[in-house]
Amino acid sequence: METEIPGAPDRVLTPALSNDVLLMLAERDDGYGLYAYYFLLDEMVEIPLGSGEVGGIDVDDTHVVWWEGAYDE
């Protein structure tokens with residue numbers, strides 16, 4: 001099945017999927033963005049991030065996790 005996701009970022013690096021949420025780590029001109037699309041609500045949410053690297057994204061139901069930091073921390 002194919003569908004359009006309104007507000008989806010252009011440069012998705014890593015997706016994670018549950019029955020309720022599509023989580024996307026995306027590259028932006030100013031760093032990274034983390035976005036969650038809630039299927040039942042048909043709503044895209046940008047999750048606030050600090051500075052530095054972002055990774056390890058995962059989603060379970062409606063709970064999302066990720067790490068943030070720098071290589072030398």
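**Entry 1: Arg-28 and its partners**

I started with Glu-46, which forms a salt bridge with Arg-28; the closest N and O atoms of the pair are 2.3 Å apart. The model is predicted, and I read the distance with that in mind. I then looked up where the two residues sit. Glu-46 is in strand β4 and Arg-28 in strand β2, so this salt bridge ties together parts that are 18 residues apart in sequence.

I checked Arg-28 for a further partner and found Asp-30, with closest N and O atoms 3.0 Å apart. I noted that Arg-28, Asp-30 and Glu-46 are joined into one network by salt bridges that share partners.

Next I looked up the accessibility of each member. Glu-46 has a relative accessible area of 43% and is partly exposed. Arg-28 is at 27% and also counts as partly exposed. Asp-30 has a relative accessible area of 62%, which I entered as exposed because the cut-off for that class is over 50%.

**Entry 2: Asp-29 and Arg-11**

I asked how many salt bridges there are by this rule. The count comes to three.

I turned to the pair of Asp-29 and Arg-11, a salt bridge whose closest N and O atoms are 3.0 Å apart. This pair links distant parts of the chain, with the two positions 18 residues apart in numbering terms: Asp-29 belongs to the loop between β2 (21-28) and β3, and Arg-11 to the segment before β1 (12-17).

Is Asp-29 buried or exposed? I found it exposed, with a relative accessible area of 77%. For Arg-11 I wrote down 38%, which is partly exposed.

**Entry 3: positive phi outside glycine**

I looked for residues with a positive phi that are not glycine, and made notes on two aspartates.

Asp-42 has a phi of about 55°. I located Asp-42 in the loop between β3 (31-38) and β4 (43-47). Its relative accessible area is 49%; Asp-42 is therefore partly exposed, since exposed requires over 50%.

Asp-61 is the other entry, with a positive phi near 55°. I placed Asp-61 in the loop between β5 (53-60) and β6 (63-69). The relative accessible area of Asp-61 is 45%, and I recorded this residue as partly exposed.

**Entry 4: summary**

For the record, I keep the Arg-28, Asp-30 and Glu-46 network, the pair of Asp-29 and Arg-11, and the positive phi values of Asp-42 and Asp-61.

Terms used: Residues are numbered from 1 along each chain as its sequence is written. This is a predicted model: local features need pLDDT of at least 70, side-chain atom pairs count only at pLDDT 80 or more; totals for chains, interfaces and linings use all residues. Side-chain values use heavy atoms; hydrogens and water are left out. Helices (H or I, at least four residues) and strands (E, at least two) are DSSP runs, numbered from the N terminus. Buried means under 20% relative accessible area, exposed over 50%, partly exposed in between (1.4 Å probe, protein chains only). A salt bridge is a side-chain nitrogen of Lys or Arg within 4 Å of a carboxyl oxygen of Asp or Glu.
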